[in-house]
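Hi everyone, thanks for making time for this. I'd like to walk you through one structure, stop at a few places in it, and leave room for discussion. Let me put it on the screen.

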Amino acid sequence: MRRLSFFPTPYPDECFYSIFSRYYVRSGIISPKTATEIFFGCDRSLLPSTVYFPRKLERLGYWVSPDSGITGKKLICEHTAYPYHSISHIKDVYQQMENVIRDGIPEGGIASLVHRMISKSKYVFAGQYLRYCPECAMEDMGKYGEAYWHRLPQLPGVRVCPKHGCRIQNSSSPFEEMRVRIYPASYVLRNMDNETEGQGLLYKEEYLSIAKETEWLLGNGRRFGGHQPISSKYRELMREQGYTDFHGTAINKEALRHDFVKRYDEEFITELLPYDGDPLYWLRYLQESIGFNLRPIHHILLMRFFAGSVESFLNIEVKKELPYGNGPWPCTNKLCSHYRKDGARRVEICKKWDEVWAWFECPYCGMRYRRSDPEQSFEEYLKKPCISDRGFLFEQRLKECLSDPELSLNEVADLLGVGASTIGQYAKKSGIDVKKRRKASYYSRDADNNEDKTAYYRRRVQEELQKMPVMSCKDLKERIPGAYEWLICKEPEWIHARLIHEFDKPKWNEWGEAALVELKAAYAEIQSSGDKRKRMNISWLARVAGINRDDIYGRLRYLPEMQEFFDEVCETQEEWIRRRYTEIAYEKKKAGGKEFTYGDVKRKVQIRRGSYERNRKLIETLIAELNDKLFMSNEQGTDLCNHRKR
Ligand SMILES: [Zn+2]
Ligand SMILES: [Zn+2]
């Protein structure tokens, strides 16, 4: 590969223009035009921009060999002003430059990217000279045998050398002439004229600070990530320091300017930023969140104003204190596990008249609600919440509830913690006819039952647990519709303590097989020696078999064989009444009785009052039937005899 005869080894903080001008000196080429053409491959019009910007870096492979240690990254970061400028670049430019720094210079170069940076920096070269610190130049000559142009003194606002504290001097090399001549520092600074050194500088400390911050940015500016993170930090800090409200609207339009001028003397600002109009015109870019219009020098002033220094600004953590506090916010959905706890995030906040409205949304259930008074406590708000959207969890549960004919509309409303009208509206929207769904477990209870719903369901669950001590949520839903949904809202701990998970149900087969053998033996024993007047039921069989009755009730649904056995041998109350009445009627007939009455069975077949009421029709029919068959005619009622199974 054809390569440049030599490439000067860059010195610390040397700007790119200086490297080229040293090449020019040492190459022995007399014509600036020829030197520029050989080095950059183009005419001299680009030369002023090489003071600040990376130009023609696609020629890197022509300038240096790959093992020279001189890379695109090194040239951009150490020999151009990019790190300093990067704090005012938009994300796109910043990101592209960072990619170039990371991945190397693309073959096609980065001309268009560099042009965006140049137009952005708004340098006006008219009346501007290459600048230098005399002390630094002396040191460089001592150390390297020649002077060179540093990056730092060329940057806006740098009027004092941060290292030596002396004033930065204008050289006799105007930018305007750079398109024609080449100004190597070793020639220009041969006879340094330090006449102006004696002149006092009114705001020397401020200038020293600005020079130090500029120097720091040349080394660290890239860490900010472009202007956007900086601008949003300004917004947060203005909010935190009370210049704007939560929404970025100025509380007192003049306050920031007032404090800014108090911090930096107005004379200093005017001197630092010579401008025909208001030297602080750019402060409004801050308030209007158009930070890309701010130049690095503005950022330096602002960062020092807000955080003391550029570095502390980078490291400062802004607490975002907004109306309604910091998230996560509680969920307002009773059905959601995040109810009244957390889960919700703020999705929007805005000012409505003199109120601050904020919308919150819980991603776990989809509930979206709006608050309008930051002073109101959440508990107070919950009494009358403003729900924008009940969310997917609510809709899902509502559909489930509405598809269960056991649940009344009011019950569904209670379960979901909303008014019946809300349910009605939703049902209408979904095309569900709610009037047909009147029948409900709680509302269809006995008319004289005044229990409240929680007490009612608790009692019913207790009753059910008597029959089935091991019950899962699924079992309960089947046995007492609505009870689980109600109690899980009202008495979650109580109901959880009483149910087991469906998967936790033990496998009862082994136990069931052994128990069934015992129960069959018990049945045989009762048949041979038991009181046959008694009703054959599970309790009696269990007692004789020595098995806990509740164990049987709880596990029976998983033991089909045992269920089959009970179905075969146990009597229902109706069967038992029928058998006993018939037996007694025969006894009376045998004893010569003329009529069969309720009085004959009242003491012999004792049944509870409730059972009597329930079986009243059966009892009356049965008595009439037996009278007909045994006493009114001579026919023997053999068909009613030995009704008992087996
Ligand atoms: Zn110096
Ligand atoms: Zn939720």
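Before we start, one definition: when I say that two residues touch, or are in contact, I mean that they have heavy atoms within 4.5 Å of each other. And please keep in mind that what you see is a predicted model.

With that in hand, let's begin at Asn 333. You'll find Asn 333 in the loop between β3, residues 329-330, and β4, residues 343-352. Leaving out residues up to four places away in sequence, Asn 333 touches Tyr 339, Cys 365, Met 367, Arg 390, Leu 393 and Phe 394. Is Asn 333 buried or exposed? Its relative accessible area is 2%, so Asn 333 counts as buried. There is also a polar detail here: a polar atom of the Asn 333 side chain lies 3.0 Å from the backbone nitrogen of Leu 335.

Staying in that loop between β3 and β4, have a look at Arg 340. As a general point, most residues other than glycine have a negative phi. Arg 340 has a positive one, near 65°. With a relative accessibility of 45%, Arg 340 is partly exposed. A second residue to check for the backbone is Asp 13, in the segment before α1, which spans 16-27. Asp 13 is not a glycine, yet its phi is positive, at about 60°.

Now to the metals. One of the contacts of Asn 333 was Cys 365, and Cys 365 is a donor to the zinc ion listed as ligand 2. Which other residues donate to this zinc ion? They are Cys 331, Cys 336 and Cys 362, and the donor atom is SG in each case, with distances of 2.3 to 2.4 Å. Along the chain, the donor residues follow the spacing C-x4-C-x25-C-x2-C. Cys 331 and Cys 336 are both buried. The four donor atoms subtend angles of 97 to 116° at the zinc ion, ligand 2, and therefore the arrangement is tetrahedral.

For the zinc ion that is ligand 1, the protein donors are Cys 133, Cys 136 and Cys 161, each through SG, and His 164 through ND1. They lie 2.0 to 2.2 Å from the ion. The sequence spacing of these donors reads C-x2-C-x24-C-x2-H. Cys 133 and Cys 136 are buried. Why is the arrangement around ligand 1 called tetrahedral? Because its four donor atoms subtend angles of 103 to 117°. For those of you setting up metal parameters, the ideal angle for four tetrahedral donors is 109.5 degrees.

Next, some helix packing. Helix α29, residues 573-590, and helix α31, residues 609-632, have axes that come within 10 Å and cross at roughly 35°. The crossing of α29 and α31 is right-handed. Residues of α29 in this packing include Ile 577, Tyr 581 and Ala 585, and those of α31 include Leu 618, Leu 622 and Leu 626.

Compare that with helix α11, residues 227-240, and helix α15, residues 296-307, which pack at about 35° with their axes 11 Å apart. Here α11 passes α15 in a left-handed crossing. His 227, Ile 230, Tyr 234, Leu 237 and Met 238 on the α11 side meet His 299, Leu 302, Met 303 and Phe 306 on the α15 side.

Last, three more residues. Met 471 sits in the loop between α21, residues 453-467, and α22, residues 473-479. Met 471 has a relative accessible area of 0%, so it is buried. Beyond its neighbours within four places, its contacts include Val 461, Leu 465, Leu 476 and Ile 500. Tyr 457, in helix α21, is also buried, at 0% relative accessibility. Its C-alpha is 8.2 Å from that of Ile 480, which is 23 residues away along the chain.

Finally, Tyr 203 lies in the loop between α9, residues 185-188, and α10, residues 204-220. Tyr 203 has 15% relative accessibility, and because buried means under 20%, it counts as buried. Tyr 203 touches Asp 265, Glu 267, Phe 268 and Glu 271, apart from residues up to four places away. With Asp 265 there is a side-chain to side-chain polar contact of 3.4 Å.

That's my tour, and I'm happy to take questions.

Methods
Residues are numbered from 1 along each chain as its sequence is written. Chains are lettered from A and ligands numbered from 1 in the order in which they are written. This is a predicted model: local features need pLDDT of at least 70, side-chain atom pairs count only at pLDDT 80 or more; totals for chains, interfaces and linings use all residues. Side-chain values use heavy atoms; hydrogens and water are left out. Donors are N, O and S atoms within 2.8 Å of the metal (3.2 Å for Na, K and Ca); water is not among the atoms, so sites may look incomplete. Four donors count as tetrahedral if all angles lie between 85 and 135 degrees; four count as square planar and six as octahedral if opposite donors are over 155 degrees apart and all others between 65 and 115; anything else is irregular. Buried means under 20% relative accessible area, exposed over 50%, partly exposed in between (1.4 Å probe, protein chains only). Helices (H or I, at least four residues) and strands (E, at least two) are DSSP runs, numbered from the N terminus. A polar contact is a pair of N or O atoms within 3.5 Å; within protein, one must be able to donate a hydrogen and the other to accept it, and residues adjacent in sequence count only if both atoms are side-chain atoms. Axes are lines fitted to C-alpha atoms, for helices over the stretch in contact, and angles run from 0 to 180 degrees between N-to-C directions. A crossing is left-handed if the near helix is turned anticlockwise from the far one by less than a right angle, and right-handed if clockwise.
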